[in-house]
Amino acid sequence: MCSFELFSRQPVRSRFLLLGRLLRRIILGELIEEALMPLDIEEVGQRDYALMERFLDLIDRVWKPYHRFEVRGLEHIPEGAALYVGNHNGGLLSIDSFLFANDVFRERGMKHVPYGLAHDMVMSFLPAQKFLIRIGGIRANHTSAKEVFSRGEKALVYPGGDVDSMRPWKERD
């Protein structure tokens with residue numbers, strides 16, 4: 001009887017565990033494959049507004065109080081297409097873009113939150129690409145900017161790019 005119990009319980013449980021692992025590998029494999037599938041980094045209109053709002057809420061609660069970030073002049077933002085121009089100060093993690101978008105959202109609403117014209121290196125980094133596209137990141141070039149403006153929307157650009165982003169603290173603007 002003891003050998004029967006061991007035989008009947010152990011293999012069945014093992015089979016279920018193996019089946020569960022196999023299903024997880026299949027499901028997660030497909031999800032990972034989908035998550036890593038490159039998207040069109042120049043296509044405007046792939047924003048996920050619910051995700052953006054959740055992300056901006058996180059920024060408002062965590063990053064803004066910590067960095068004491070402040071934006072002035074938001075009342076001067078025009079209706080329709082516009083170009084926001086800034087100086088990077090964020091190093092490898094350009095939180096200035098997210099903090100700016102948060103303040104624009106809080107003060108003026110989602111329609112004024114810009115698309116971020118991002119460096120090719122950033123937009124080609126597959127693990128972050130899908131997230132960045134869903135929150136409004138697009139490849140920085142004239143074609144992408146024109147598409148944003150033709151839709152009556154706004155874009156954010158940092159002309160100094162990676163050079164500005166990595167400059168020493170004492171040389172910041």
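**Entry 1: helix H2**

I began at Arg68, which comes after H2 and has a positive phi, near 50 degrees. The model is a predicted one, and I keep that in mind for every entry here.

I then went back along H2 itself. Helix H2 covers residues 49-67 and has a kink of about 40 degrees, with Asp60 at its centre. At the N-terminal end I found a cap: a side-chain oxygen of Asp48 lies 3.2 Å from the backbone nitrogen of Ala50.

Which residues of H2 are buried? I noted Leu51, Met52, Phe55, Leu56 and Ile59. I also looked up what covers the buried residues of H2, and the cover includes helix H3 (95-108) and helix H5 (126-134).

**Entry 2: the chain as a whole**

I stepped back to list the elements. The protein chain has seven helices and four strands. Read from the N terminus, the order is α-α-β-α-β-α-α-β-α-β-α.

The chain has 173 residues, and 31% of them are buried. I also looked at how far apart in sequence the contacting residues are. Of the contacts between residues at least 6 apart in sequence, 79% join residues at least 24 apart.

**Entry 3: confidence**

I checked pLDDT before going further. The mean over the protein chain is 79, and 72% of the residues reach 70 or more. Over residues 1-10 pLDDT stays under 50, and for this stretch the model has two contacts beyond four places in sequence. Predicted coordinates should not be read in detail where pLDDT is low. I left residues 1-10, with their pLDDT under 50, out of my later entries.

**Entry 4: the sheet**

In what order do the four strands stand in the sheet? I read S1-S4-S2-S3, an open sheet with parallel pairing. S1 and S3 are at the edges with a single partner strand each, so each has one side without a neighbour in the sheet. On average, neighbouring strands of this sheet are turned by 30 degrees against each other, direction ignored.

I went through the pairs one at a time.

- S1 and S4 are parallel and pair over four bridges; Leu83 stands opposite Ala155 in S4.
- S2 (residues 115-118) and S4 (residues 154-157) run parallel and are joined by two bridges; Gly116 has Leu156 of S4 as its bridge partner.
- S2 and S3 also run parallel, with three bridges between them; Leu117 has Ile138 of S3 as its bridge partner.

For S1 (residues 82-85) I also looked at where the side chains point. Side chains in a regular strand alternate between the two faces of the sheet. In S1, Ala82 and Tyr84 point to one face and are buried, whereas Leu83 and Val85 point to the other face and are not buried.

**Entry 5: His112**

I found His112 in the loop between H3 and S2. Is His112 buried or exposed? Its relative accessible area is 1%, so His112 counts as buried.

Leaving out residues up to four places away in sequence, His112 touches Ile77, Pro78, Glu79, Tyr84, Val104 and Lys154. Tyr84 was already in my notes as one of the buried residues of S1. With Lys154 there is a polar contact: the side chains of His112 and Lys154 are joined at 3.3 Å. Lys154 falls in S4 (residues 154-157).

**Entry 6: Ala140 and Ser144**

I closed with two residues around the end of S3. Ala140 lies in the loop between strand S3 (137-139) and helix H6 (142-150). Its relative accessibility is 38%, so Ala140 counts as partly exposed.

What does Ala140 contact, apart from its neighbours within four places in sequence? I listed Leu117, Ala118 and His119. Leu117 is 23 residues away along the chain, and the C-alpha atoms of Ala140 and Leu117 are separated by 4.2 Å.

Ser144 is in helix H6. With a relative accessibility of 1%, Ser144 counts as buried, because the cut-off for buried is under 20%. Apart from neighbours within four places in sequence, Ser144 is in contact with Glu42, Val44, Leu117, Ile138 and Arg139. Leu117 and Ile138, both in that list, are also the bridge partners I noted between S2 and S3.

Key. Residues are numbered from 1 along each chain as its sequence is written. This is a predicted model: local features need pLDDT of at least 70, side-chain atom pairs count only at pLDDT 80 or more; totals for chains, interfaces and linings use all residues. Side-chain values use heavy atoms; hydrogens and water are left out. Buried means under 20% relative accessible area, exposed over 50%, partly exposed in between (1.4 Å probe, protein chains only). Contact means heavy atoms within 4.5 Å. The bend at a residue is the angle between axes fitted to the seven residues ending there and the seven starting there. A polar contact is a pair of N or O atoms within 3.5 Å; within protein, one must be able to donate a hydrogen and the other to accept it, and residues adjacent in sequence count only if both atoms are side-chain atoms. Two strands pair if DSSP finds at least two bridges between them. pLDDT is the predictor's confidence in each residue, from 0 to 100. Axes are lines fitted to C-alpha atoms, for helices over the stretch in contact, and angles run from 0 to 180 degrees between N-to-C directions.
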